[in-house]
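Here's a walk through one protein chain and the ligand it holds. Take a look at the sequence and the model, and then we'll go through them piece by piece.

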Amino acid sequence: VTSALKSRLKSLAARLMRPGLADLHARLDDLERRIERLNRPAQKFEEELRFWRWIITTDEGREKIGGPFEEVFGRWQRERLLELGRRLGLSDEAALDRWCAGQSVVEIGAGPYPAVATAPAWRRAVAVDPLAKGYAREGLLPPACNRITYIDAAGEDVPLASGFADLVIIENALDHVTDPEAVLMEIRRLLRPEGLLWLLVDLSTYSDHMHPHPFSEARIRALLAGAGFETVHDRVSDHKSHPKAYGEYRALLRRPEGAAPAANVAQEDVVVRSSLRPSTRA
Ligand SMILES: C[S@@+](CC[C@H](N)C(=O)[O-])C[C@H]1O[C@@H](n2cnc3c(N)ncnc32)[C@H](O)[C@@H]1O
């Protein structure tokens, strides 16, 4: 599409070229760069989907993570949720599960096995990911995801009402998004006053098109403070998700009291209810 559009525009420019229109080529080059920037997320999402397909469906992928996807991710994600339980002062797993059953939760950048899929019940549970339809189409979502509703949307613009969530989870995703500041403002909008954010992000100096926003500890703290979050608890460790990262930042944050910003999104035809998913995977 890009090259067809470019050549049509260039032939138009050639026909129109007159003195005074000499900067047209420069403008077209600028347009071309913009179109490339718009196309890049598509490439990023293709690669992301390829990565998960590999992890979930190939022996090599299973070997890489140390076992079958459902088993390994089910355990990892449950551990992440258990840590939240400890931070909340909940006495044990049963207490955590009882607490979850009363919460409306949204997980952003959820991937095919989100942490929300490891609690037996929530009041409402929504997983947001721009690859939701891709994960569903390819049968990559495990049965544990049947309990949650996937929305095919970016974290920058989530089609849910303001104040919808008691809890938002974003793990290993803020360095992947297009605009981390916009995502944090959107999380703030989604949370009710005093609602909680459970965040995990790699600390890294490395970036590529899949991970356009490397975070240092100082940068992530500044971004969270700038979006108006209060830190309840945070920690840094040398554990990491990406091999080129040097550590991870984990935080429990609170959205302070105050009116939620007005809803800025319309309900669109983006919801992929788990009941509509093809069950292609055993
Ligand atoms: C490394 S995966 C992490 C998945 C999951 N949170 C986990 O920890 O296993 C990053 C996820 O972020 C999603 N993502 C990329 N850009 C996004 C955006 N703008 N908004 C929300 N999610 C995004 C990707 O589709 C992918 O599912």
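## Starting with Asp234

Not counting residues up to four places away in sequence, which residues does Asp234 touch? The model here is a predicted one, and in it Asp234 touches Arg221, Tyr249, Arg250 and Ala251. Two of these partners can be described further. The side chain of Arg221 makes a polar contact with the side chain of Asp234, at 2.9 Å, and the side chain of Tyr249 is joined to that of Asp234 by a polar contact of 2.7 Å.

As for where this happens, Asp234 sits in strand β6, residues 230–237. Asp234 has a relative accessible area of 25%, so it counts as partly exposed. There is also a long step in sequence to look at: Leu199 is 35 residues away from Asp234 along the chain, while their C-alpha atoms are 9.3 Å apart in space.

## The chain overall

Zooming out, the protein chain has 8 helices and 8 strands. Of its 282 residues, 46% are buried. The chain exposes about 14300 Å², and carbon and sulfur atoms supply 52% of that area.

How do the contacts spread along the sequence? Take the contacts between residues at least 6 apart in sequence: 68% of them join residues at least 24 apart.

## Around the ligand

Now for the ligand, which has 23 residues surrounding it. The closest are Gly109, Asp129, Tyr135, Gly155 and Glu171. Sorted by class, the shell comes to 10 nonpolar, 7 polar and 6 charged residues.

Some of the polar pairings can be spelled out. Asp129 has a polar side-chain atom 2.5 Å from an oxygen atom of the ligand. Gly155 uses its backbone instead, with a polar atom there 2.8 Å from a ligand nitrogen. For Lys44, an N or O atom of the side chain is 3.5 Å from a nitrogen atom of the ligand. Taken alone, the ligand exposes 600 Å², and the protein buries 96% of that. The elements that give two or more residues to the shell are α2 (24–57) and α4 (69–87), and the largest share, 4 residues, comes from α2.

## Helices α4 and α5

Helix α4 turns up again through Arg78, which lies in it. Arg78 counts as buried because its relative accessibility is 14%, and the cut-off for buried is under 20%. Leaving aside neighbours within four places in sequence, Arg78 is in contact with Glu93, Leu96, Asp97, Thr118, Ala119 and Pro120. Pro114 is 36 residues from Arg78 in sequence, and the C-alpha to C-alpha distance between them is 9.3 Å.

Two of those contacts of Arg78, Leu96 and Asp97, are also among the buried residues of helix α5 (residues 93–101), along with Ala95 and Cys100. What covers the buried residues of α5 includes α4.

## Buried cysteines and a buried arginine

Cys100 is worth a second look: its relative accessible area is 0%, so it is buried. Cys145 also counts as buried, because its relative accessibility is 0%. How many disulfides does a search of the whole structure find? The count is 0.

Arg189 is found in helix α7, residues 180–190. With a relative accessible area of 3%, Arg189 is buried. What does its side chain have for company? A polar atom of the Arg189 side chain lies 3.0 Å from the backbone oxygen of Leu160.

## Two positive phi angles

To finish, a couple of backbone details. Asn172 has a phi near 55°, a positive value in a residue other than glycine. Asn172 is placed in the loop between β4 (165–171) and α7, and it counts as partly exposed, at 27% relative accessibility.

Glu194 is another non-glycine residue with a positive phi, this one near 70°. Its place is in strand β5, residues 191–203. At 34% relative accessibility, Glu194 counts as partly exposed.

Methods
Residues are numbered from 1 along each chain as its sequence is written. This is a predicted model: local features need pLDDT of at least 70, side-chain atom pairs count only at pLDDT 80 or more; totals for chains, interfaces and linings use all residues. Side-chain values use heavy atoms; hydrogens and water are left out. A residue is near a molecule or strand if one of its heavy atoms lies within 4 Å of it. A polar contact is a pair of N or O atoms within 3.5 Å; within protein, one must be able to donate a hydrogen and the other to accept it, and residues adjacent in sequence count only if both atoms are side-chain atoms. Accessible areas come from the Shrake-Rupley method with a 1.4 Å probe; for residues, only the protein chains shown count as cover. Ala, Val, Leu, Ile, Met, Phe, Trp, Tyr, Cys and Pro count as nonpolar, Asp, Glu, Lys and Arg as charged, and the others, Gly among them, as polar. A disulfide is a pair of cysteine sulfur atoms within 2.5 Å. Buried means under 20% relative accessible area, exposed over 50%, partly exposed in between (1.4 Å probe, protein chains only). Contact means heavy atoms within 4.5 Å.
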